[in-house]
Amino acid sequence: MIVSYTKFPSKDPNFPFFLRPILGVEISSGSKKVVVKGHLDTGADHTLINKQWAKALGIEWRQGKPSQARGIIGGTVPVFLHEIYLEVLSLPNSKKLITAGFVDSPNVGTLLGQIGFFDHFRVSFDRPKNLFEVDLA
């Protein structure tokens, strides 16, 4: 499945916009499902999801296995790991049971990281053409 990068406005006068690899995914737990836009982040060790989505899925986010995530500025933030299902929209047979970390951070929406995403899917980036491809591993 080939996807175009998504354009985001920038406040940096040197760059009027940024292009980011954003992918539509459905996350689910039990009978509850939520469609979210995930940012493919090859530098993220874990797939991280904002705690608001845990609430929407009926998950008590702090009841998961405790862990930590370290950000680019060096600080850590508590993360609680849960098993959920993740399915790439428009990619048949892509529903996978993954381990994702729920986090209370205004800087995290849905980061699709190494554990939880890249360990289940093959991704190729073609930045000069502003495209990326996602397929089953």
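In this predicted model, Ser4 has Leu131 of strand 12 as its bridge partner. That pairing belongs to the meeting of strand 1 and strand 12, which run antiparallel and are joined by three bridges. Strand 12 in turn takes part in an open sheet of three strands, put together in the order 1-12-11 with antiparallel pairing. Strand 1 (2-4) and strand 11 sit at the edges, each pairing on one side only. From one strand to the next, the twist averages 25°.

On to the other pairing in this sheet. Strand 11 and strand 12 also run antiparallel, and here six bridges do the joining. Phe121, for instance, stands opposite Leu136 in strand 12. The two strands form a hairpin with four residues between them, and in that hairpin Asn130 takes a positive phi near 60°.

What does Asp126 of strand 11 touch once its neighbours within four places in sequence are left aside? The contacts are Leu131 and Phe132. Leu131 is also the residue that bridges to Ser4. Asp126 has a relative accessibility of 29%, so it counts as partly exposed. A look further along the chain brings in Tyr5: this residue and Asp126 are 121 residues apart in sequence, yet their C-alpha atoms are 9.6 Å apart in space.

Charged pairs come next. Side chains of opposite charge can pair when their charged atoms come close. How many salt bridges does a search of the whole structure find? The search turns up two. One of them is formed by Arg122 and Asp135, with the closest N and O atoms 3.5 Å apart. It links distant parts of the chain, with Arg122 in strand 11 (residues 121-126) and Asp135 in strand 12 (residues 131-136), 13 residues apart. This salt bridge therefore runs between strands that are also joined by six bridges of the antiparallel pairing. Neither end is classed as buried or exposed: Arg122 counts as partly exposed at 47% relative accessibility, and Asp135 counts as partly exposed at 29%.

The salt bridge between Lys51 and Asp104 also has its closest N and O atoms 3.5 Å apart. Why does this pair tie together separate parts of the chain? Lys51 lies in helix 1 (residues 51-56), whereas Asp104 is in the loop between strand 9 (96-103) and strand 10 (110-112), so the linked parts are 53 residues apart in sequence. Lys51 has a relative accessibility of 29%, which makes it partly exposed. Asp104 is partly exposed as well, at 41%.

Finally, there is some backbone geometry to note in another loop. Most residues other than glycine have a negative phi. Ser90 has a positive phi of about 70° although it is not a glycine. This serine lies in the loop between strand 8 (76-88) and strand 9. Asn93 is found in the loop between strand 8 and strand 9 too, and its phi is positive at about 60°, again without being a glycine. Are these two loop residues buried or exposed? Ser90 is exposed, its relative accessible area being 71%, and Asn93 is likewise exposed, at 68%.

Notes
Residues are numbered from 1 along each chain as its sequence is written. This is a predicted model: local features need pLDDT of at least 70, side-chain atom pairs count only at pLDDT 80 or more; totals for chains, interfaces and linings use all residues. Side-chain values use heavy atoms; hydrogens and water are left out. A salt bridge is a side-chain nitrogen of Lys or Arg within 4 Å of a carboxyl oxygen of Asp or Glu. Buried means under 20% relative accessible area, exposed over 50%, partly exposed in between (1.4 Å probe, protein chains only). Two strands pair if DSSP finds at least two bridges between them. Contact means heavy atoms within 4.5 Å. Axes are lines fitted to C-alpha atoms, for helices over the stretch in contact, and angles run from 0 to 180 degrees between N-to-C directions.
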